[in-house]
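This report looks at how a chain is folded, how its parts meet, and how it touches a partner. Please keep the sequence and the structure in view while reading.

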Amino acid sequence: MTREDLISRLTQAAEIEHAICCMYLFAGFALKRSPSEGISWAEVEQNREWTAILFTIAREEMAHLGIVCNLLGAIGAVPELWHPPFPHSAPIGPVTAPLELKSLTPESLEHLIQIETGERPEGSAISEGQDDNTRTIGELYREIRIGIGRIEEEKLFIGPRQAQLRIDFPSSVNLGPLHSRTEAILALDRLVAESGGTPASHVARLINVKQELEAALAANPTFEPSRRVVANPSIESETRSSGMTTISHADTRLAMELFNRAYLAMLLILYRVNSPFGETDKELDLLRSVAYFPLMTMVIRPLGEMLTLLPAGDGMPGANAGPGFELPKQVILPPDKRVAWLRLGDLLGQLASIAGTLVRRGVLGDRGEFLNQNLQRIESDFRRAMR
Amino acid sequence: MLLLQFEGWFQCRLPTNPDPTDEPRGISGSTWALAGEPDLDRIIRWSDPVAPRSYSPAIGVRVVGVSINGTSQPEHPLLASTVELLDGPRFEERNGVIAKMGEAPIDPFYIQISARNIALRRRDLWDPRQPALQIHEVPPELLRRRQPTHTGTGIWELASAEVADATGVADFPGYFQRRKGFLQRDLEAADDPIAKLALRTRIRRINNARWVEHFRLGFRVEYRFEINGQTEIVGDEEDLGGVVLRSPYWLPHWPIRFWMGGYDSDTLCAFVRGTLEIPFRALIGRTLTGHPT
């Protein structure tokens, strides 16, 4: 295996980890939170447990994406932070259904379990010359692990030491730089263990949630744990495909645009932290602290939840929208620091402007003004830091 | 100088990281609203708690000591008076948007000391020239004034002896295990399904408590700044035994210093202890109970 083969497989892994992270977040955002949404207090508590599990797994998937991007940086490539629009066909076997943004149901959970299961059923081993896209996720990581073991360490790890994301968060996410074969293998083993095969793995937790959900539905057939969100909500016309639901409500579309741009801004900052070009450690820390973490917990999460409460539009009575996680075809920044930071500042300015419009129109409810204030602050802090 | 020492328990029903700070119920953090309770609101309540939970300490911050120009005043009318923060103050960290973890300023800061016949109030302004400035508009150099002070090793103190002295809690895991025992006993006796649900959630949360919940029982942050807004006095000032110094042209600040800590993430309560200095001129010929000599 060559460096290029490794880069290709790691890029594929990044797209998968990223896409399934969005799937968990979407399902978690759409779960009902209050008896005012027609569920009992007991169901509220149950929903909270499931939401917490989905968000924890999503954070672990973010860490997995971080590991893969750090590895890409370590071996001399750039991070891959793009994923295809939803729905898209699963680039791994034996998953046949497309990767979609859907609310929590036994079927959507079964799909996630299938994706996370690293091994294919007995008797269906991959054959020589079979399409790359039929590997299971476990097989993909096994190949990456073998490749890292085979290529001479000094020749493989040529990336700048600075180009690595570090997260030491008081939660489940911990991510350190990877500069050696041992560090890389340990990180990959952790990633594979978290996905499946251990009692606390994603697969084990998802099976548990599925059993609980089936029991709850059997006990109360009228129980609707999630808001009535459409699958794969979209505002982009260029990437329209079957399975997407085009949102037509004008205010909701604007709120979705805000989400998509905030999501892009967060990814571009992540890209820059993983692929700096002249930034000092202090500047990289600033990118993380001023914009990356606040965007993640104070913008993406609440706005994602708010979107599941907004109407989808004409011809979809009673149906709500949700975050589409839609990206432009490029999730990269130019190397020049001045240009890159100007673009980020411009993007953060757009977020503040759109949020202000949404608040003036009263679209986002009680939480909208808080979101607006936070976006104004993120932008002003970033511009202050640029000076 | 009128020096007031105050202390007591307060309630703060706040969501915790990594939940966003406007999270209404609590999901990923270690603090949650329970079944039957209203949404979390982040408000720091030095009195009048909302939906207090069983085993909460008695909420209320009071003046525990008064001195004038260094002389203790055991009969002073402000002794045992209520100290409150008005207008819904909150810790404004916002997961790094306003301040880093553990460096949250309190906003708004509008203190009131109220006894039977008198109330003293004063608001701290970020910038007296721009009194309408909102927290998200405050530049970092102004924000710093009202953020926790550095105590040499950092912003906060871990396993503070003073917190343990104030709260009586030093064995953090043991504290929660005892609480769990009480809650299990209450659960066995409970009839109301919503109350049972809430008790079960509390027990489960204690079972799953991480180091951070234990750590909060012993940590403290200290605030120290000078309150700079207009002085407001309602009632008979002479009862104080003197005059609070103020003028439309000259606004002597009120230096305040206090720590907050010992947060119990089960009852959502913590302790505050501090001092407030009020520029003051004692009236000669009056006792401190307000009666002419």
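Chain A of this predicted model contains eleven helices and four strands. Its radius of gyration is 21 Å, close to the 21 Å that the globule rule gives for 387 residues, so chain A is as compact as a globular protein of that length. Measured out along its principal axes, the C-alpha trace of chain A spans about 60 × 60 × 40 Å. Buried residues make up 48% of the 387 residues in chain A. If one takes the contacts in chain A with a separation of 6 or more, 74% of them join residues that are 24 or more positions apart.

**The helix H1 of chain A**

Helix H1 of chain A runs over residues 3-30, and 21 of its 28 residues are buried, so that this helix is mostly covered. Does the length of such a helix fit its number of residues? At 1.5 Å a residue, the 28 residues of H1(A) should span 40 Å, and the end C-alpha atoms of H1(A) are 41 Å apart, which agrees.

**Two domains and their contact**

Chain A is divided into domain 1, which covers residues 1-227, and domain 2, which covers residues 230-387. The C-alpha centres of these two domains of chain A lie 22 Å apart. Where the two domains of chain A touch, the contact takes 24 residues from domain 1 and 24 residues from domain 2. On the side of domain 1 of chain A that touches domain 2, helix H1 (3-30) and helix H2 (41-74) each supply at least two residues. H1(A) gives the most to this side of domain 1, with five residues.

**Chain B against chain A**

A second contact is the one between the chains, in which 21 residues of chain B are in contact with 26 residues of chain A. The largest share of the side of chain B that touches chain A comes from helix H4 (residues 193-207) of chain B, which contributes three residues.

The table sets out the residue classes for one side of each contact.

| Side of the contact | Nonpolar | Polar | Charged |
|---|---|---|---|
| Domain 1 of chain A, touching domain 2 of chain A | 17 nonpolar residues | four polar residues | three charged residues |
| Chain B, touching chain A | ten nonpolar residues | seven polar residues | four charged residues |

Technical notes: Residues are numbered from 1 along each chain as its sequence is written. Chains are lettered from A and ligands numbered from 1 in the order in which they are written. This is a predicted model: local features need pLDDT of at least 70, side-chain atom pairs count only at pLDDT 80 or more; totals for chains, interfaces and linings use all residues. Two residues are in contact if their C-beta atoms, placed from the backbone, lie within 7 Å. Ala, Val, Leu, Ile, Met, Phe, Trp, Tyr, Cys and Pro count as nonpolar, Asp, Glu, Lys and Arg as charged, and the others, Gly among them, as polar. Domain bounds come from an automatic or database domain assignment. The radius of gyration is taken over C-alpha atoms; the globule rule is 2.2 Å times the number of residues to the power 0.38. A residue is buried if 20 or more other C-beta atoms lie within 10 Å of its own, exposed if 12 or fewer, and partly exposed in between; C-beta atoms are placed from the backbone. The expected span of a helix is 1.5 Å times one less than its number of residues.
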